[in-house]
Amino acid sequence: MLKFTKSVTAMALALVAVAGAAQAEYPEKPVEFVVPWPPGDLEDVLTRMIAEDFSDAYGVPTAVVNKPGGGGGPFPGAIEVANAPADGYTIGSFIIAIPVVGPQIGIPELNPDPFVPLGNFLTYPFVIAAGGDAPYDDMAGLAAHAQDNDVVLGHFGAPLVPTQVTFGLAKEMGFSYGSDAAFDMLDCNSLASGDVDVMNTTLQLILPCLDDVKVLASIGAERIALTPDTPTVSELAPSLDVALWNGLFVHADTPQDVRDKIIAVAEKTMMSERAQQLAAETGALVYWQPADEVVMQIEKDIATMAGIEAMLAE
């Protein structure tokens, strides 16, 4: 009888311990934000702001982990987030391509889409740019030049949205690039070295040499404040109207109360003076778009990209 009583008591204590662990307040240990690109671009800078504020708000360490794909774009980093436990301790800072393109290109971990959005916080000032010594000043000039010359395009990955938009614009304007290649980083050095003739990249990465390059077009619905005379791709080809956004995502099985805690910090960060100052300095749009609106945005973008894919297949 004594042994039975002791066993029951031990079992009860074990159940209490397990229940206590299960009800532990989130977060109780370090939280990791995964950026599937090298450090230094806008999504990286803003994600670091969120991570700092998260640590201050909840008193736990945070880390921003950069996981560039080595030519595979953001997808290897997204796979790592997909394979992590759905507990809010691994958060993805993802571009539009993860939910829009990822499920379509044969990556098992991303199909069906394993993520839910917490909110979008950034629309990139994404541009098509050429070196300052290029023998053309705009897309029409590039189109004419490419008729008799091979033009090398640099991009972050052929399936990605800005690359598909860039290919689509070339087709609309009656030319094609002689060759193209994917890079993890496309900045001032990429043009200066001669590795590429034209590249699509974020304005942030070429700000140090903006006076020495030619911005031929910007990708998005609105002109960039820092390059107000440069037309948007959607002005040149309305069917290619798509914005390049970045948001926070977690595994779809992550509890709602955990999501809410992450959202509370991220939204406050985006409205902060330092985040809005970064927007003013870079021409980016920095904001907070709630999760339900992001879901609708993703559906719209999937339809737009399907149209672009069909156009390129003609």
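**Exercise 1. Which strands does helix α3 lie across, and at about what angle does α3 run to β3?**

Before solving, a word on the ground rules. This is a predicted model, where local features need pLDDT of at least 70, side-chain atom pairs count only at pLDDT 80 or more, and totals for chains, interfaces and linings use all residues. Residues are numbered from 1 along each chain as its sequence is written, and side-chain values use heavy atoms, with hydrogens and water left out.

*Solution.*
Step 1: pin down the elements. Helices (H or I, at least four residues) and strands (E, at least two) are DSSP runs, numbered from the N terminus. Helix α3 covers residues 75-83.
Step 2: look for contacts, meaning heavy atoms within 4.5 Å. Helix α3 lies across β1, β3, β4 (115-123) and β10 (245-251).
Step 3: get the angle. Axes are lines fitted to C-alpha atoms, for helices over the stretch in contact, and angles run from 0 to 180 degrees between N-to-C directions. On that scale, α3 runs at about 150° to β3.

**Exercise 2. Work out the strand order of the six-stranded sheet and find its edges.**

*Solution.*
Step 1: apply the pairing rule, by which two strands pair if DSSP finds at least two bridges between them. The six strands come out as an open sheet in the order β2-β1-β3-β10-β4-β11, with mixed pairing.
Step 2: read off the ends. β2 (62-66) and β11 (285-290) each have a single partner strand, so one side of each has no neighbour in the sheet.
Step 3: add the twist, which averages 25° from one strand to the next.
Step 4: check one pair. β1 (residues 31-35) and β3 (residues 90-95) run parallel and are joined by three bridges. Within that pair, Glu 32 sits opposite Thr 90.

**Exercise 3. Do the same for the five-stranded sheet, then take a good look at β8.**

*Solution.*
Step 1: the order is β7-β6-β8-β5-β9, again an open sheet with mixed pairing. The edges are β7 (179-182) and β9 (213-219), each pairing on one side only. Neighbouring strands here are turned by 25° against each other on average, direction ignored.
Step 2: find the helix on this sheet. Helix α6 (residues 161-172) packs on it, touching β5, β6 (152-155), β7, β8 and β9, and its direction makes about 155° with that of β6.
Step 3: sort out the partners of β8. Strand β5 (residues 126-131) pairs with β8 (residues 198-202) in the antiparallel sense over five bridges. Ala 130 faces Val 198, and Phe 126 faces Thr 202. With β6 the sense is parallel, over two bridges, and Gly 154 has Met 199 as its bridge partner.
Step 4: check burial (buried means under 20% relative accessible area, exposed over 50%, partly exposed in between; 1.4 Å probe, protein chains only). Five of the five residues of β8 are buried.
Step 5: split them by direction. In a regular strand the side chains alternate between the two faces of the sheet. In β8, Val 198, Asn 200 and Thr 202 point one way, while Met 199 and Thr 201 point the other way.

**Exercise 4. Classify the ring pair Tyr 26 and Phe 54.**

*Solution.*
Step 1: recall the rule. Rings of Phe, Tyr and Trp (its six-membered ring) pair if their centres lie within 6.5 Å; planes under 30 degrees apart count as stacked, over 60 as edge-to-face and the rest as tilted. The count comes to eleven aromatic pairs.
Step 2: plug in the numbers. The centres are 6.3 Å apart and the planes stand at 65°, so Tyr 26 and Phe 54 are edge-to-face.
Step 3: place the rings. Tyr 26 is in the loop between α1 (2-22) and β1, and Phe 54 is in helix α2 (residues 42-58), so the pair ties together parts 28 residues apart in sequence.
Step 4: check burial again. Tyr 26 is buried at 8% relative accessibility, and Phe 54 is buried at 0%.
Step 5: widen the view. Tyr 26, Phe 33, Phe 54, Tyr 58 and Tyr 89 form one aromatic cluster.

**Exercise 5. Describe the surroundings of Thr 254.**

*Solution.*
Step 1: Thr 254 lies in the loop between β10 and α10 (256-270), and is buried at 2% relative accessibility.
Step 2: its side chain reaches the backbone oxygen of His 251 at 2.8 Å.
Step 3: leaving aside neighbours within four places in sequence, Thr 254 is in contact with Ala 86, Asp 87, Gly 88 and Arg 259.

Methods. A polar contact is a pair of N or O atoms within 3.5 Å; within protein, one must be able to donate a hydrogen and the other to accept it, and residues adjacent in sequence count only if both atoms are side-chain atoms.
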